[in-house]
Amino acid sequence: LEYLTSKFVDDGMSPKKLIKEIVMSRTYQLSSAPSEMNLAKDQDNRLYWRGNRRRLEAEGIWDGLLSASGKLDMAKVGGPSQELDAKMVRRGMYGAVSRVFPNEFQILFDYPLPTLSAERRYTTNVALQRLYFLNNEFVHKQAEGLAERVKGAGNEEAQVRKAFEIVYQREPSADELSFSVALLKEPAPATTEPAIRAEVRLSAV
């Protein structure tokens, strides 16, 4: 803290430079992958030997889905808010907030109710959140976009590797790779539309 304080003063008390100093640090960029040796010494991560996992808020989930499909519009900055629906391709922070007709996505992923004062966002884990990823039109469209992005990567194994690179920014483990390839080879139910089969499987990966 003393270092950051002195750096903040030396840089003319610029918040942007302070944020850059923090996010460019090794500690901030540490992986959240566990280590048995380090866990035995510091289970609570008080010495910051790994990055702490953080739950995505509603806006982050929205941005992540659009980013994975390659449809996230980063060019348009500012402007009026828009309803969060299947046609919306801007960042979740531009989602319209209504007191009278709350958006289903925002409410489902713990966006604070606009009719009440909230000191912080509360988090829930409910079945409807999982069902949203399985059944919602917006998620299906992003899964289709992801399938299109990895289609030209090569064989099924290469496609899975490409999907992991896009979604998780890492290589799949041996178990993840074998499971994902096996999942892609599973026969789809007879009632599943052919055009959606690859999307459902890739979204499950």
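**Figure 1. Packing of helix H6 against helix H7 in the predicted model.** The axes of H6 (residues 127–135) and H7 (residues 137–150) approach within 6 Å, with a crossing angle of roughly 50°. Angles of 35 to 65 degrees fall outside the parallel and perpendicular classes, and the two helices are therefore oblique to each other. On the H6 side the contact comprises Tyr132, Phe133, Leu134 and Asn135, which meet Glu137, Phe138, Val139 and His140 of H7. Classified by residue type, this contact of H6 with H7 contains 5 nonpolar, 2 polar and 1 charged residues.

**Figure 2. The largest nonpolar core.** This core consists of 14 residues, and those touching the most other members are Trp62, Phe105, Phe109, Tyr132 and Phe138. At least two residues of the core come from each of helix H4 (58–69), helix H5 (104–108) and H7. The greatest contribution is that of H4, which provides 5 residues.

**Figure 3. Surroundings of Phe109 and a separate core.** When neighbours within four places in sequence are set aside, the contacts of Phe109 are Ala58, Ile61, Gln129, Tyr132 and Phe133. Apart from the largest nonpolar core lies another core of 5 residues, including Phe164, Leu177, Val181 and Leu184.

**Figure 4. The protein as context for the close-up views.** The chain forms 10 helices and 0 strands. Its C-alpha trace spans about 65 × 50 × 35 Å along the principal axes. Of the 205 residues, 26% count as buried. Among contacts with a separation of 6 or more, 36% join residues 24 or more positions apart. The accessible surface amounts to about 14,800 Å², and carbon and sulfur atoms account for 55% of this surface.

Terms used
Residues are numbered from 1 along each chain as its sequence is written. This is a predicted model: local features need pLDDT of at least 70, side-chain atom pairs count only at pLDDT 80 or more; totals for chains, interfaces and linings use all residues. Side-chain values use heavy atoms; hydrogens and water are left out. Axes are lines fitted to C-alpha atoms, for helices over the stretch in contact, and angles run from 0 to 180 degrees between N-to-C directions. Helices (H or I, at least four residues) and strands (E, at least two) are DSSP runs, numbered from the N terminus. Angles under 35 degrees count as roughly parallel, over 145 as roughly antiparallel, 65 to 115 as roughly perpendicular and the rest as oblique. Contact means heavy atoms within 4.5 Å. Ala, Val, Leu, Ile, Met, Phe, Trp, Tyr, Cys and Pro count as nonpolar, Asp, Glu, Lys and Arg as charged, and the others, Gly among them, as polar. A nonpolar core is a set of buried Ala, Val, Leu, Ile, Met, Phe, Trp, Tyr and Cys residues joined through side-chain atoms within 4.5 Å. Buried means under 20% relative accessible area, exposed over 50%, partly exposed in between (1.4 Å probe, protein chains only). Accessible areas come from the Shrake-Rupley method with a 1.4 Å probe; for residues, only the protein chains shown count as cover.
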